[in-house]
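Student: Please take a close look at the region where the domains of this protein meet. I would like one connected account of what is packed there and how it relates to the surroundings.

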Amino acid sequence: AGHQVTLWARDASQVLALQQQRANQRYLPGVALAPALQFSAAPDAELPALVNTCDLVVVATPMAALRQMLSILRNCRVPVAWLCKGFEAPVSEPFGLLAHEIQGSIAPEMQAGVLSGPSFALEVARGQPTALVAASAHEVVRQALVAAFHSSALRVYANDDIVGVEVGGAVKNVLAIATGLCDGLNLGLNARAALITRGLAEMTRLGVALGARAETFMGLSGLGDLVLTATGDLSRNRQVGLALAQGQSLQQATGALGHVAEGVYSARTVVQRAAHLGVDMPIAQAVVDLLDGRMTPRQSVARLMGREPTTELAALV
Ligand SMILES: NC(=O)c1ccc[n+]([C@@H]2O[C@H](COP(=O)([O-])OP(=O)(O)OC[C@H]3O[C@@H](n4cnc5c(N)ncnc54)[C@H](O)[C@@H]3O)[C@@H](O)[C@H]2O)c1
Ligand SMILES: O=P(O)(O)OC[C@H](O)CO
């Protein structure tokens with residue numbers, strides 16, 4: 001509230017519909033868009049000039065479109081933040097990248113960061129209480145995000161550990177697929193609690209190996225978003241897991257969503273990067289084996305339960 005905001009979209013017909021209806025029937029049914037919200041479908045070539053007149057740019061596309069958006073914005077002189085949660089599918093590098101790694105490779109001078117944490121879009125749009133984390137190596141970006149988004153319905157905490165915040169956002173989606181499967185198979189509440197807890201350990205191990213602080217995973221973008229996405233039925237990733245447990249194919253499960261389920265695209269990269277770093281991620285590996293059709297849900301459960309005993313803390317970080 002109190003800010004002048006322009007929503008840009010690549011599709012001019014969508015922009016016209018938003019302008020006329022003052023609502024987004026497909027993505028946010030029943031939510032009236034703020035009367036002050038302005039719209040633009042300016043061609044890509046005009047975007048850099050448009051954004052340099054703003055205080056902050058927020059990219060709200062799926063991971064798959066982030067590289068393209070950052071290329072367009074590469075000479076942007078104002079802070080840029082993204083909402084994406086995931087790893088990009090491998091492009092030229094051997095491994096898929098986190099969002100800040102993509103930015104570092106194509107626009108290293110950009111003052112950039114991420115806004116993350118437990119936040120179903122529909123609840124945010126309805127003004128229901130939500131807490132987020134603004135992560136960046138740049139103080140100016142953290143401050144710009146807090147100034148833009150902190151309000152009576154939205155608390156925004158700053159964190160300089162962008163690696164930890166992005167690993168949390170990416171891995172929780174893979175774990176939400178696993179938890180959806182667990183619940184869809186009626187394995188019980190004990191099993192769900194075990195998956196979330198040991199999933200958090202996997203997420204922490206990968207994050208620490210990539211340079212994150214372990215404490216970040218106890219925060220909103222780690223434990224917080226994992227609990228929300230793994231247990232909340234609004235989660236697209238959880239819905240994919242539930243559908244797979246009912247015997248649907250991956251194509252059926254994702255096709256029914258009409259939105260992106262980032263965990264489906266990030267899972268392979270999560271286990272590839274973990275393997276490269278010598279990090280053990282058996283739950284994420286089970287999700288990949290399921291998505292690739294190498295195992296049935298029941299076989300995955302048997303493999304996870306059949307692993308050798310280990311100590312709890314030795315396997316944490
Ligand atoms: N939806 C949520 O509740 C939520 C909450 C927090 C974070 N996120 C994250 O934000 C990101 C976007 O999620 P979403 O739910 O809004 O996804 P979505 O599938 O609803 O797509 C968002 C928008 O991006 C547009 N888009 C797709 N490709 C594009 C491109 N090449 N150029 C420009 N626009 C493009 C789509 O048309 C759509 O309007 C994801 O990484 C997701 O994990 C989503
Ligand atoms: O619907 P999902 O599974 O993409 O989750 C949405 C948000 O990331 C929850 O914080």
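**The contact between the domains**

Tutor: The centres of domain 1 and domain 2, taken over C-alpha atoms, are separated by 24 Å. The model is a predicted one. Domain 1 covers residues 6–162, and domain 2 covers residues 163–305. To the contact between them, domain 1 gives 27 residues and domain 2 gives 27 residues. On the side of domain 1 that touches domain 2, the elements with two or more residues are helix H4 (99–106), S5, S6 and S7. S6 supplies the largest share of that side, with 4 residues.

Start with S6, then. Strand S6 spans residues 130–135, and 5 of its 6 residues are buried, so the strand is largely enclosed by the rest of the structure. S6 pairs with strand S5 (residues 112–116) in the antiparallel sense, over 3 bridges. In this pairing, Ala 135 of S6 has Val 114 opposite it. S6 also pairs with strand S7 (residues 154–159), here in the parallel sense and over 6 bridges. Ala 134 has Ala 158 of S7 as its bridge partner. Between S6 and S7 the chain passes through helix H6 (residues 139–149), and the resulting β-α-β crossover is right-handed. In a regular strand, side chains alternate between the two faces of the sheet.

Next comes the nonpolar packing. The largest nonpolar core holds 76 residues. Leu 66, Val 174, Ala 178, Val 270, Ala 284 and Val 287 are the residues with the most contacts inside it. Helix H7 (residues 162–184) provides the largest share of this core, 12 residues. Both domain 1 (6–162) and domain 2 (163–305) give residues to the core, so the core lies between them. As background, nonpolar side chains in soluble globular proteins tend to be buried together.

Val 287 shows how parts of the chain are brought together in this core. Apart from neighbours within four places in sequence, Val 287 is in contact with Val 174, Ile 177, Ala 178 and Ala 267. Val 287 belongs to the group with the most contacts inside the core, and so do two of those partners, Val 174 and Ala 178. In an α-helix there are 3.6 residues a turn, so residues three or four places apart point the same way.

Helix H9 (220–231) links this packing to a ligand. Of its 12 residues, 10 are buried, so H9 is largely enclosed by the rest of the structure. Its buried residues include Leu 220, Leu 223, Leu 226 and Leu 228, and also Asp 225 and Thr 229. These buried residues of H9 pack against S5, S6, S7, H7, helix H8 (189–209) and H10. The strands in that list, S5, S6 and S7, are also among the elements of domain 1 that touch domain 2.

Around ligand 2 there are 13 residues, and those that come nearest are Ser 119, Thr 229, Ser 235, Arg 236 and Asn 237. H7, H9 and helix H10 (236–245) are the elements that give two or more residues to this shell. H9 contributes the most, with 3 residues. Thr 229 is thus listed both as a buried residue of H9 and among the residues that come nearest to ligand 2.

Some positions in domain 2 give further context. Asn 186 lies in the loop between H7 and H8. Its phi is near 55°, a positive value in a residue other than glycine. Asn 186 is exposed, with 8 other C-beta atoms within 10 Å. Val 260, by contrast, sits in the loop between helix H11 (250–255) and helix H12 (262–277). Val 260 has 20 other C-beta atoms within 10 Å, so it is buried; the cut-off is 20 or more.

Asp 289 is placed in helix H13 (residues 282–291). With 17 C-beta neighbours inside 10 Å, Asp 289 counts as partly exposed. Beyond neighbours within four places in sequence, Asp 289 is in contact with Arg 294, Met 295 and Ser 300. Asp 289 and Arg 268 are 21 residues apart along the chain, and their C-alpha atoms are separated by 9.2 Å.

Conventions
Residues are numbered from 1 along each chain as its sequence is written. Chains are lettered from A and ligands numbered from 1 in the order in which they are written. This is a predicted model: local features need pLDDT of at least 70, side-chain atom pairs count only at pLDDT 80 or more; totals for chains, interfaces and linings use all residues. A nonpolar core is a set of buried Ala, Val, Leu, Ile, Met, Phe, Trp, Tyr and Cys residues joined through C-beta atoms within 7 Å. Domain bounds come from an automatic or database domain assignment. Two residues are in contact if their C-beta atoms, placed from the backbone, lie within 7 Å. Two strands pair if DSSP finds at least two bridges between them. A crossover is right-handed if, with the strands pointing away from the viewer, the path from the first strand over the helix to the second runs clockwise. A residue is near a molecule or strand if its C-beta atom, placed from the backbone, lies within 6 Å of it.
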